[in-house]
Amino acid sequence: MAYIRAMDLIRYPLASLAEKVGTPFYLYDVGILRERMREVAAATEGPKLHARYAMKANSARKVLECAGDAGLWIDAVSGNEVERALRAGFAGGHEPPVILYSADVFRDNALRAVIDNGVLPNVGSPGMIRELAEADYRGPIAARVNPGFGHGHVQACDTGGPSSKHGIWHEDIEEVIGLAAGAGFPVVALHAHVGTGPQIREFDENMRKLVDLFDELLPRFPKVEAVNLGGGIPHPYRPGTPSYDLGGYRALLLEAAESLAETAGRPIRMEIEPGRYAVAGMAVLVARVKDLKRTRTNAKGEGHSFIMVDAGFNDLVRPAMYGSYHEMSIVGRGATREPEPFVVAGPLCESGDVFTRDDQELLVPRMLARPEPGDLLVLHDAGAYGAAMSSNYVSMGRAAQVAWEDGRATLIARRESIDDIVRMECDEPI
Ligand code: LLP
């Protein structure tokens, strides 16, 4: 079983960092981040394979720089993600296609960002080909396929199958071939991302099924040079869950590169684009315990003990949105007490602002040491889709982000201020 190094809280001066930057804040362990990026790079080393970092999981500049240092390319899904990747030092251009733009819609500056920087557009709907043609795009495209199957830790994260909006249905790929030929766009890559779920065996099976599907589709795409299997490598959020063996995945990819090259009669580069795997475990969200209180059992239901913290779903939305599990620790005076069942809730004016619930919106009390107000409560494995999905709901500024490297802390994103929040407000006649 592959081993994933987790953040050991002993190693960080959490209390003094909390004093300095205020709570809640994200703490990124850059050593772990680099290690994980290197692992992904090692699994795809060599001319036949390449990994992109799916920057939607965490687009902090520091994270992008570490991805670049490891030699990864980028999967971007908005015009501004393309811009951020370029600013962090990733190259534009098609040869090689360092940045791939994968979305089902061009919005805002996305079409311009793609065209002006020679970024490879991964077309997820036929209309995108028309839009590219109308904007006088000249160049290659990739095509994203919905293979008809997928997996997800919840329905919302299953991105393949009849209920998924992503990509072009595999049986309707002829339309893309026709439109691309009409516009003079060579299709140089085929792509699918079937979702992101915790089941290792299901992930492996789906990757094999994807390779088989691309094997069938390839003969109709004489210009394809790369086949991309998307992201979705599982991260072990729950203690005791096995971590994914990247060595096995490398073997699968090398075999796929071989067999697809044979089908195509030319070399085919296999690409993957993990986000979560590279960043989930390198971060914690540190919150302050503000109070403890309880409700009592009555005719409506069971009573609970609540730990009230100053982080909410505005900081980390995954538990409220998907019922996702994040391991928690108490740091401070209460830390060594016998664990008791607690519901952990945040500051927002919503009953769903709870970090201990399942995907049916039911409370799942967690065994935690009874903290004292003022102690810290740490949410683990918060590096993927944490800060990236945070918001300034109720005008609370987004949390600060701190990077920890070689025993030193650096503030890499300060807390969002009231001035930041009102900066876009204006009064302009149009
Ligand atoms: N490629 C594409 C085209 C994607 O849409 C995604 C994720 C990835 C790669 C990376 O998947 P990963 O390796 O991170 O599983 N907010 C949800 C996850 C949504 C994933 C969206 N797409 C969560 O917090 O679990």
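# Exercises on a predicted model

In this predicted model, Met 207, Arg 208, Val 211, Phe 214 and Asp 215 of helix α8 meet Leu 252, Ala 256, Ser 259, Leu 260 and Thr 263 of helix α9. The exercises begin with this contact.

## Exercise 1. The pairing of α8 and α9

Task: Determine how α8 and α9 are oriented to each other, and state which classes of residue form their contact.

Solution. Step 1: identify the elements. Helix α8 covers residues 200–217, and helix α9 covers residues 246–264.

Step 2: take the geometry. The two helices pack at an angle of about 10 degrees, and their axes lie 10 Å apart.

Step 3: apply the cut-off. Angles under 35 degrees count as roughly parallel; α8 and α9 are therefore roughly parallel to each other.

Step 4: sort the residues of the contact. The division is 6 nonpolar, 2 polar and 2 charged.

## Exercise 2. The pairing of α6 and α7

Task: Carry out the analysis for α6 and α7, giving the orientation and the residues in contact.

Solution. Step 1: take the geometry. Helix α6 (residues 126–134) packs with helix α7 (residues 173–183) at an angle of about 5 degrees, with 9 Å between the axes.

Step 2: assign the orientation. Since angles under 35 degrees count as roughly parallel, α6 and α7 are therefore roughly parallel to each other.

Step 3: list the contact. From α6 come Pro 126, Ile 129, Leu 132 and Ala 133, which meet Glu 175, Val 176, Leu 179, Ala 180 and Ala 183 of α7. By class, this contact holds 8 nonpolar residues, no polar residues and 1 charged residue.

## Exercise 3. Domains and ligand

Task: Describe the contact of the two domains, then establish where the ligand lies with respect to domain 1 and domain 2.

Solution. Step 1: set the bounds. The domain assignment gives domain 1 as 31–279 and domain 2 as 281–415. Their centres, taken over C-alpha atoms, are separated by 32 Å.

Step 2: examine the contact. Domain 1 supplies 21 residues and domain 2 supplies 21 residues. On the side of domain 1 that touches domain 2, the elements giving two or more residues are α2 (30–43) and α10 (276–279). Helix α2 gives the most, with 4 residues. That side of domain 1 divides into 10 nonpolar, 6 polar and 5 charged residues.

Step 3: examine the ligand shell. Of the 21 residues around the ligand, those that come nearest are Thr 196, Gly 231, Gly 275, Arg 276 and Tyr 385. The shell comprises 8 nonpolar, 8 polar and 5 charged residues.

Step 4: conclude. Both domain 1 and domain 2 give residues to this shell, so the ligand lies between them.

## Exercise 4. Backbone exceptions

Task: Locate the cis peptide bonds at Pro 24 and Pro 96, and decide whether Ser 395 and Asp 406 are buried or exposed.

Solution. Step 1: recall the background. Most residues other than glycine have a negative phi, and most peptide bonds are trans.

Step 2: place the cis bonds. One joins Thr 23 and Pro 24, with omega about -5 degrees; Pro 24 lies in the loop between α1 (14–21) and β1 (25–29). Another joins Glu 95 and Pro 96, with omega about -5 degrees; Pro 96 lies in the loop between α4 (79–87) and β4 (99–103).

Step 3: consider positive phi. Ser 395 has phi near 60 degrees and sits in the loop between β16 (376–379) and β17 (400–405). Asp 406 has a positive phi of about 50 degrees and sits in the loop between β17 and β18 (408–413).

Step 4: judge exposure. A residue counts as exposed if 12 or fewer other C-beta atoms lie within 10 Å of its own. Ser 395 has 10 such atoms and is therefore exposed; Asp 406 has 6 and is therefore exposed.

How values were computed
Residues numbered from 1 in each chain as written. Predicted model: local features only at pLDDT ≥ 70, side-chain atom pairs only at ≥ 80, totals over all residues. Domains from an automatic or database assignment. Contact = placed C-beta atoms within 7 Å. Nonpolar A, V, L, I, M, F, W, Y, C, P; charged D, E, K, R; others polar. Near = placed C-beta within 6 Å. Axes fitted to C-alpha atoms, helices over the stretch in contact; angles between N-to-C directions. Parallel < 35°, antiparallel > 145°, perpendicular 65-115°, else oblique. Buried ≥ 20, exposed ≤ 12 C-beta atoms within 10 Å, placed from the backbone.
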